[in-house]
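Visitor: I would like to go through a model step by step, with each answer argued from what has been computed on the atoms. Could we begin once it is on the screen?

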Amino acid sequence: MSGSKKHGAAPTVEQINADVLTQLASLYWAPHSTLPRKSYDPKVIEDIYKKELLGSKFAIRRVMLLEFSQYLENYLWPNFNPEQTSQAHCLSIAVMINEKFREKVPAWQVFKKNPDHFPAFFRKVLDLSVADESTISIREQSVLMSFIIHCFNSLGRLEQELKTHPKYKKFWGIIKKNDSKADDKALARLNFERRFVAKIIDHFFTILNSIPEKGEVSMQKVHYCERFLELLIDMESLLPARRFFNTVLDNAHLVVKCRMSNLSQRKEGRLFNQLLNVLKFYAGFEIDERSGEALTDHDMTNIHYDRITSLQRGAFKYFPELKKFSMANVGSIDTRDKLLAHFEPLSTEKLHEIAAYLNLVPPFESDEKFEKEFLLELLVSRHERRASQLQELNEMPLYPTEEVLWDENIVPTQFFSGEDCLALPKLNLQFLTLHDYLLRNFNLFRLESTYEIRQDVEDSVSRLKPWLAEDGNMVFGGWARMALPITTFSVVEVAKPNIGENHPSQVRADITVVLNLRSEIRTEWEGLRKHDVAFVITVRPTRQYGTKYKEKEPFIQQVGLTYIRGCEIEGLLDDSGNVIEEGIEPRPELKGQTRTYRVWLDPNQYQQDMAKTATGDEDVYETFNIIMRRKPKENNFKAVLETIRDLMNTECVVPDWLHDIILGYGDPGAAHYSKMDSAVSTLDFVDTFLNVHHLKSSFPEYEIKVTTEDPASQKPPFKVTFPAKKSGKKRKKGDTDDKVAEEKQKLQLVVEPYSIPNRGPYPFNQPKKNAIHFTPTQIEAIKAGMQPGLTMVVGPPGTGKTDVAVQIISNIYHNFPDQRTLIVTHSNQALNQLFEKIIALDIDERHLLRLGHGEEALETEKDFSRYGRVNFVLARRLELLKEVARLQESLGVPGDVSYTCETAGHFFLYQVLSRWEKYTSKIKSSRDVKNIQEDFPFEQFFSNAPQPIFHGKSYEEDMDIAEGCFRHLRKIFTELEEFRAFELLRSGADRSKYLLIKEAKIIAMTCTHAALKRRDLVDVGFKYDNILMEESAQILEIETFIPLLLQIEVEKMLKEMKRAQQREVEDTKALEDMIHQVETNLELTTNLAEAEYVVALFMFMRLIGYPADKISILTTYNGQKHLIRDVINQRCGNNPLIGRPSKVTTVDRFQGQQNDYILLSLVRTKAVGHLR
């Protein structure tokens, strides 16, 4: 645990009931109180605010109690009176809204009651937010600032701007015209709203300037300044707001003034400076505010050149002191040092004149005066060369260092309450461009990984117990499974930079350790694979030998951690000093316990460290004394970050209809098929419907018209033609209600039953059919999934979302046989569950492919991995060639036609197809049922099929059987033609690539695999037409976006389908973060009595006759799961009369599965769990 914050115990139920707020709630507003409710009393609100909220400095527990009692919903808002409201009443509402956002629950629904009162309430909030400290304290203003931020998230140079953008001049004229007609009261209200931003900026400057350079500072003022910058960042991050606000911000020179403020120079201003850097970044973001188009590096360079050449022309004309500056080329004067060299010698008055010429400040003759340092910084910061955002990103180290790992402003601890702001990008706003979207996700994913790395470092290093020995050397008093002391560390290669880069192209180092460990742990260390990520750490302990490590004290000071750097394993060195390559051949056995690893260091980080060393700092790479590894499953962050960075360096192509939705603009429903012009009118639902009554009940709002009247022919499968989309014409004045009702009745579905062509006489030729009776809602989801556009399927567990997804995949496979579908899931388990259901449907298994690890957990004997499919194809080829040989023998054709796929193809063309054509022409001319069997040329080949093949009852029936037999033969040769490439491709890698890009129609992988292997998939030319995401509520947003870009060009996509499944019914946003256990001690996550009870209940159910395979036991913690399994092993596992339940697992692991009887074992923890 880092930091020194303590986490108190959660209040008990008895303490909550005895609290004065709970008692007040029971009397005045609690919905389920048994006491008689008292009438509204405004004094209650005043007392609660002054004593419980303001008096406790807005303590979270007091606010949580009020939120829990529904104080806002049942008392504050229903009794809000715009004419008589008090300051305490408004502030109480703001506090409760902030608490709802902190707890991530819907906040604005309460205002649906009495919505007309909200404008007056918001106006009151704005008035209070710019009031002076005599009216409202800084702490209360910080509360209001948080409220405005939440509202905004859910939501000077005038002549120059009007000249630059002429259309705004027209709008400005209309505004002035309307103002001239408004009365004094309305005009005052309009002026207040228009000037509110400028006024609140001035108010912010007043508070900022009141902070002294030295001495004590009010932390309430610091928190207010931080909150204010957060508001400005949010406004700059939204295109509709920044179009006008960016000009106001620039005109106020807020970034420059904040940078020169006293707070930015104090240690208390660290978070303030971090927020200021974010604000500066977004203030200069590479986007055209007016059009919303992203600007390229070339565009930004042109803007920079226009700005500085404009200054040079002005300097040449009006300021002879800057003659050298005006005549110089841009490249020689646009750095900070060069600009300072030209402008610093000038007087304050001259700098003021230059700034006024550029419309940056009022004219020199005005009353407002500025200091020289401010004017100098204003001119330099405006005209200095700005580094490319992409270049900065490419030069950023991907591994976290000690400076980031323990900075709680960026990476909060597990006890972060949500009260304070963080210098982090937000994902709940709109995005400026796709670059902005990727950049925010890049930073958040990097910091999410950093949080987990910090925990691993603290755990491993604290277990090693680094102490200071009596002789002044360091000694390790413990051991750790995931960390080892380093014997030697040396950098062995620093490669030359690539063209256009300033960092080495590659940096390699050797790390030597002694594996004096148990055999299984030594095997883990020797099993480190290529591209695994490790960390090298420098510790310099100051505590004496034997000092006990204390979790509640700061980590770094206890262990003396000085440096930490990341590295990537290249391989283990053999006795000759060469890297042991991974391959089919077994690894050589190494002698002794000393092992040396060759690793790649981060070139960007190495360049930065060496630059510091050149200025006199210590050489970091001569100090490392610990190497730490991580679990492979949790250690893929670097590959994902590299993938995101690659995406930012390429032109991301997203379908037009999806682009605005990703960025958060336009109608969220615009991507639904019902609002798109490319909707398909006729769809083949294959085996979706069980019968015609099922079909009719699935479309209750339509009139069903079946093309055949014969009830015997009204059998599935069905093709359904939907009515054309309405033109969207408005109702005419003369249209009567009867006419409108008549038009509605015209909506009818045309249903066409059809028969699946006979596939052959063998039992395995019969198609697999769906047996699920889908509901009308599920049918609509299936229909939407088959159409172009975006479909989201949301529902609680057990509502058949996975079955709907599988049916969509099957229907697309049959409707669009040339299209390829990509399936992406959060976990291997979810992918396997989906795949097992797909296998059970009528989909040819040669078109299925499962990528990534975890395939071994599939509960099927078949191998659907890449190499498993290659082996299947090769085995299937031999099997089919044997069938060709049997056919050749039955036809009496000489030669070896079954040697290759090519010879088999010639055999089909010249021997099989010719016989069939001759046979059909003869039969169709005679139409004699006897001739069908007598003249059938392949009767001997089908002698192993169920007999008799022909029934001799009717010509149509027997002819259908004969055609089915030929379809079976044609399918054999069609498959062999597809497998022909596998004869030409000799290596397994080439065969697997061909399978991926040509043969497979349904490709499944996890989102992690998609992120890790994106570059490889793009390089081999992977293409797909449809994408389905299972359990997408559990996938990070960026991990849902990366699979959309697994191909270089997204050509005219016929369909793009994304399926979201949420584990619970949610009203607002998908679950994005994993539940983090605060307490991890085993005794807190297990309960022996509970485990014994649930096993006893299982045994009782078995004794009274319930089958064991119909019972599953679920729990919420891994500790309890293992305990229940141990109890089962002791009590009944070996008893044949009772046995074991179908599954004993956690709730998360059971997601998407089902059973008849579920025994749920819940375990109570000491403290409340938290969502990160």
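Visitor: In which loop is the place of T707?

Guide: A word of caution comes before the answer, since this is a predicted model. Within it, T707 sits outside the strands, in the loop between β10 and β11.

Visitor: Does T707 count as buried, partly exposed or exposed, and why?

Guide: Buried would require under 20% relative accessible area and exposed over 50%, with partly exposed in between. Because the relative accessibility of T707 is 48%, this residue counts as partly exposed.

Visitor: Which residues is T707 in contact with, leaving aside its neighbours within four places in sequence?

Guide: One of these contacts is E752, which is 45 residues apart from T707 in sequence although their C-alpha atoms are 5.4 Å apart in space. With neighbours within four places in sequence left aside, the residues in contact with T707 are V750, V751, E752 and P753.

Visitor: What is the order of the strands in the open sheet of 4 strands?

Guide: The edge strands are β9, residues 682-684, and β10, residues 703-706, each of which pairs on one side only. Strand β11 (residues 718-721) and strand β12 (residues 748-753) are joined in the antiparallel sense over 4 bridges, and V720 stands opposite V751 in β12. The pairing of the sheet as a whole is mixed, and its order is β9-β11-β12-β10.

Visitor: By how many degrees are neighbouring strands of this sheet turned against each other on average?

Guide: The value concerns the open sheet with the order β9-β11-β12-β10. With direction ignored, the average turn between neighbouring strands of this sheet is 25 degrees.

Visitor: Which strands are the edge strands of the open sheet of 3 strands with parallel pairing?

Guide: The order of this open sheet is β19-β18-β20. An edge strand here pairs on one side only, and that holds for β19 (1143-1146) and β20 (1157-1161).

Visitor: How many bridges join β18 to β19?

Guide: Strand β18 covers residues 1111-1115 and runs parallel to β19. Within this pair, I1113 stands opposite V1144 in β19. The count of bridges that join β18 to β19 is 4.

Visitor: Which strands does helix α44 touch where it packs on the sheet?

Guide: Helix α43 (residues 1088-1103) packs on this sheet as well, touching β18 and β20, and its direction makes about 165 degrees with that of β20. For helix α44 (residues 1118-1131), the direction makes about 160 degrees with that of β19, and the strands touched are β18, β19 and β20.

Visitor: Which element gives the largest share of the lining of the largest cavity?

Guide: About 60 Å³ of space lies in this cavity, and its lining includes Y399, I564, R565, G566, L601 and Y621. Two elements give two or more residues to that lining, namely β6 (561-572) and α27 (603-614). The largest share, at 3 residues, comes from β6.

Visitor: What is the bridge partner of C567 in β7?

Guide: The strands concerned are β6 and β7, which pair in the antiparallel sense over 5 bridges. The residue of β7 that is the bridge partner of C567 is L601.

Visitor: How many of the 8 residues of strand β7 are buried?

Guide: Strand β7, residues 594-601, is also joined to the antiparallel strand β4 (residues 507-514), by 8 bridges, and there R508 stands opposite W600. The strand β7 is described as mostly covered, and the number of its 8 residues that are buried is 7.

Visitor: Is V110 buried or exposed, and why?

Guide: V110 lies in the loop between α6 (87-102) and α7 (118-129). Not counting residues up to four places away in sequence, V110 touches L72, E73 and W77, and the C-alpha atoms of V110 and W77 are 7.6 Å apart in space, while the two residues are 33 apart in sequence. Because the relative accessible area of V110 is 10%, and buried means under 20%, V110 counts as buried.

Visitor: What percentage of the residues of the chain count as buried?

Guide: The secondary structure of the chain comes to 44 helices and 21 strands, and about 60200 Å² is exposed, of which carbon and sulfur atoms supply 52%. Of the 1172 residues of the chain, the share that count as buried is 47%.

Technical notes
Residues are numbered from 1 along each chain as its sequence is written. This is a predicted model: local features need pLDDT of at least 70, side-chain atom pairs count only at pLDDT 80 or more; totals for chains, interfaces and linings use all residues. Side-chain values use heavy atoms; hydrogens and water are left out. Buried means under 20% relative accessible area, exposed over 50%, partly exposed in between (1.4 Å probe, protein chains only). Accessible areas come from the Shrake-Rupley method with a 1.4 Å probe; for residues, only the protein chains shown count as cover. Two strands pair if DSSP finds at least two bridges between them. Contact means heavy atoms within 4.5 Å. Axes are lines fitted to C-alpha atoms, for helices over the stretch in contact, and angles run from 0 to 180 degrees between N-to-C directions. On a 1 Å grid over the protein atoms alone, a cavity is a set of points where a 1.4 Å probe fits but cannot get out, and a pocket is an open set with protein on both sides within 12 Å along at least five of seven lines; lining residues have an atom within 4 Å of a point. Grid points are joined across faces, edges and corners, and a volume is the space filled by probe spheres set on the points.
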